[in-house]
Amino acid sequence: MNTHQPDTEHPDSAAASAPEPERKKSVQLRRMAEQAGGGIGPLILKIVLLGLFDALGVFAVLLIVQAQNWFMLVVVAAIIVFFNWVYLRPGATPAKYLAPGFAFLIIFQLFVVVYTGYIGFTNYGTGHNGSKDQAISSLLASGQERVEDSASYPVTVLQQGDTLGLLVTEADGTVKYGDAEHPLDEVNDAEMDGDTATGRPGFDTLTFADILTVQDTLTELAVPLSDDPNDGSLRTSDGRQAFVYVSNLVYDEEADTLTNTETGVVYTASAEGTFQSENGKNLYPGWNVTVGFDNFAKAIGEESIRGPLLSVTVWTFVFAVISVATTFFLGLFMAIVFNNDRMRGRKMYRALVILPYAFPAFLSAMIWAGLLSKSYGFINQVLFFGAEIPWLTDPMLAKFSVLAVNLWLGFPYMFLVTMGALQSIPDELQEAATVDGARPWQIFRLIKLPLLLVSVTPLLIASFAFNFNNFNIIYMLTGGGPRFEDADANIGATDILISMVYKVAFTGQTRDYGLASVFSILIFIIVTIVTVISFKRTKALEDIN
Amino acid sequence: MTTTLNPETPVARPAVAPRSARSRRLRRLWRDTGWRHLVGIAVVIYAIFPILYVLSAAFNPNGTLTGSNALFSEVGFDSFARILNNPDQPFAAWFANTVIIGGVTALLTVFLGAMAAYAFSRMRFSGRRMGLLTLLLVQMFPQLLAVVAIFLLMSSIGDIFPALGLNTKTGLIMVYMGGALGVNTYLMYGFFNTIPVSIDEAAKIDGAGHTRIFFTIILRLVLPILVVVGLLAFITSTNEYVIASVMLTDPENKTLAVGLYQLVSNPRYADWSAFSAGAVMSALPVVIIFVALQKYIVGGLTAGSVK
């Protein structure tokens, strides 16, 4: 899915193909004419690019087969076949222009939405990140203890790229090499110093001084003795002697259980994606499984999630609506103020007023966070003479601050838009109303405002949709805080839904992708409803028909 | 202050004392444009004071947040040197990453989007309505809503193709393109429709194929919208934090948004002047481009929805 770029960049490769076959003869003639016009260059370019694309595609397929990811194999193979079919077939010109762009759109915009829906039904997250096989080998690697009285092996620590590995010389003189991912395997190309292997071409031998710098990584390193994780692995603490470590857990494949050899406790694979003992103790890491509506039940059922979720949802709406309203009215007011031909320096004012809009938004939010800092910020220290007003740490004031900063960020856009819309209202309307005796305020309220709203309503809806998911301002200004005291997760008074999704999924000690996806689904539903309503009211769809 | 512009000449009334005539003229002036200047000045102060503040902080060698409160008390380039020479925070690498990611995303978005817009605008085919509807709907659902799925997708792609997965520019560019194409193709589609079809037809009669028409005629005529879309795509990707922060973890791979945010996640302890210096350097190119081309950008922003 990621290799079709080379070919997509040059649609002119389609030059030699013919338009829709309507009448055979004319098609032939046209094709000849087109080829005559296009020359041989585009054709060669097309062949070269498609060839490159296919070569990369075959390479990708080989890698995927090696990784045994069958779902991805089907997708990538389908993409390769589809692109070859589109660009080799005469006719179907539109597809040649649409395919590359839509491929990206479908994978990274539409597919990920569907995938979000799927993740919402799994327990993907901390403790349930990988597959079951990964969980088993990681459990067997974690509970390891040194086998008493076992022999020690002389080892040399080798490095290749970022990977550390152990070069082992066994008692009988065989030399083996392995790293965390690859079990020990015999090697023949080792450089020997007496009876001990000390190096290998293509690898860096770590000196004693080197080893001190990677001490932490080295003590973590466990090189499996063989493919069977029950055999245990080699570990070293000083980089010279390694010992066999065996897990106190044993995996029984037929029964699908892990048994602790010391305590005798049997852990059985459970439906929740963990090995569980009879008295309910879980071994982590587990693996991810589908859990049905559990995440939804959690979001609605658990008081510590439902409470924050409700207040966050309400605040998201309040934030979006007030943001649109304040930016629109300040923008409109400024447009009216500057909408006077006799006013001097309008261009100057205009250029200065739109500066907040030109300034990158993420930086503005960070700068405002500094300005509003309680004890050290400019606002408190200089404008309020040292008063410690908790602009960002009091729930109500933080909400106010977020709205005020968003007003700063947003009004220049509304100013530009309403300015344009106001100027497009014909002067005759105003003159006619004046002749009829209307006062300026009446002219504005009864004539200009309704006309203005007709043209800017779609932009107001777009602005609402944007602010509904305006992550940057919230996260960079207050981080969503101040935190709710009754919530489990780090969710706070100014969090909106999207920043809540981000925090649940990617910050804090535990990552819960499943629950975060449920919140995402909630946003999708809300946005869909808003979209349907707004499309019905505006006439956006008619343009397409 | 705007006496010369006032077109209404006062009617000569000899009986009125000169002083009251002047005060009346002043009052009229006030009602006409004076108050507008007052409001204008107030709003300009509101609009530019944070920007002046960050400029002052950037040139303040001092460092702390408190030290930045005395505006323009000291001027020096120490903080620029600090932000550029700190190996833990490779600002220059962030800057380069941001420009590369934004630039490549913008170029490819413009190109692929223009191809799609050309097909929608000039050709009739089954599925055309469906395609346009998809583009229209996709605009309402920003990509960051699916950030969890994007992260997991890129992580599994990266398991197989490390060059395209997490922590790579290529991976992030692919994701951004998927997000940018919906909005921008629709924007371009609207603009393509304003180019008369008769131009194409004339070229067709002269024997030009669709490729030649696209490259040599259409792309030239729609150049303004290509520039606007490119800039919008660039600015959007520069401002993007969510997906970038999740995908890019190594310090030298970060973009400006991710790197600078982590630099000042606690403004009280951060080197505020160094951050400000970085902010000024990051913002300058964007602001210059924006101000220089604002006419086109604003036109492009409204063209999508206001007909």
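The exercises below, with worked solutions, concern a predicted model of a complex with chains A and B.

**Exercise 1. Confidence**

Task: Find where the pLDDT of chain A is lowest and where it is highest, by helix.

Solution:
- Start with the whole chain: the mean pLDDT of chain A is 83, and 91% of its residues score at least 70.
- Then go to the helices of chain A: helix α1 (residues 5-8) has the lowest confidence, with a mean of 38, and helix α18 (residues 471-477) has the highest, at 93.
- Next take the start of the chain: residues 1-21 of chain A have a pLDDT below 50, and beyond near neighbours in sequence this stretch makes 73 contacts in the model.
- Turn to chain B: its mean pLDDT is 84, with 89% of residues at 70 or more.
- Residues 1-16 of chain B are below 50, and beyond near neighbours in sequence this stretch has 11 contacts in the model.
- Where pLDDT is low, the predicted coordinates should not be read in detail.
- For the complex, the predictor reports an ipTM of 0.85 and a pTM of 0.81.

**Exercise 2. Domains of chain A**

Task: State how chain A is divided into domains, and give the separation of the centres of domain 2 and domain 3.

Solution:
- Domain 1 of chain A covers 5-119, domain 2 covers 132-283 and domain 3 covers 302-544.
- Taken over C-alpha atoms, the centres of domain 2 and domain 3 of chain A lie 55 Å apart.

**Exercise 3. Two helices in chain A**

Task: Describe how helix α10 (residues 303-338) and helix α15 (residues 395-423) of chain A cross.

Solution:
- Take the distance and angle: the two axes come within 6 Å and cross at roughly 50°.
- Classify the angle: 35 to 65 degrees falls outside the parallel and perpendicular ranges, so α10(A) and α15(A) are oblique to each other.
- Give the hand: the crossing of α10(A) past α15(A) is right-handed.
- List contacts: residues of α10(A) including Phe319(A), Ile322(A) and Phe328(A) meet a set in α15(A) including Leu403(A), Phe411(A) and Met414(A).
- Sort by class: this contact has 15 nonpolar, seven polar and no charged residues.

**Exercise 4. Chain B against chain A**

Task: Work out how many residues of each chain are in contact, and which helix of chain B gives the largest share.

Solution:
- Count both sides: 93 residues of chain B contact 95 residues of chain A.
- Find the main contributor: helix α1 (residues 18-58) of chain B supplies the largest share of the chain B side, 14 residues.
- Sort the chain B side by class: 64 residues are nonpolar, 23 polar and six charged.

How values were computed
Residues are numbered from 1 along each chain as its sequence is written. Chains are lettered from A and ligands numbered from 1 in the order in which they are written. This is a predicted model: local features need pLDDT of at least 70, side-chain atom pairs count only at pLDDT 80 or more; totals for chains, interfaces and linings use all residues. Domain bounds come from an automatic or database domain assignment. Axes are lines fitted to C-alpha atoms, for helices over the stretch in contact, and angles run from 0 to 180 degrees between N-to-C directions. Helices (H or I, at least four residues) and strands (E, at least two) are DSSP runs, numbered from the N terminus. A crossing is left-handed if the near helix is turned anticlockwise from the far one by less than a right angle, and right-handed if clockwise. Two residues are in contact if their C-beta atoms, placed from the backbone, lie within 7 Å. Ala, Val, Leu, Ile, Met, Phe, Trp, Tyr, Cys and Pro count as nonpolar, Asp, Glu, Lys and Arg as charged, and the others, Gly among them, as polar. pLDDT is the predictor's confidence in each residue, from 0 to 100.
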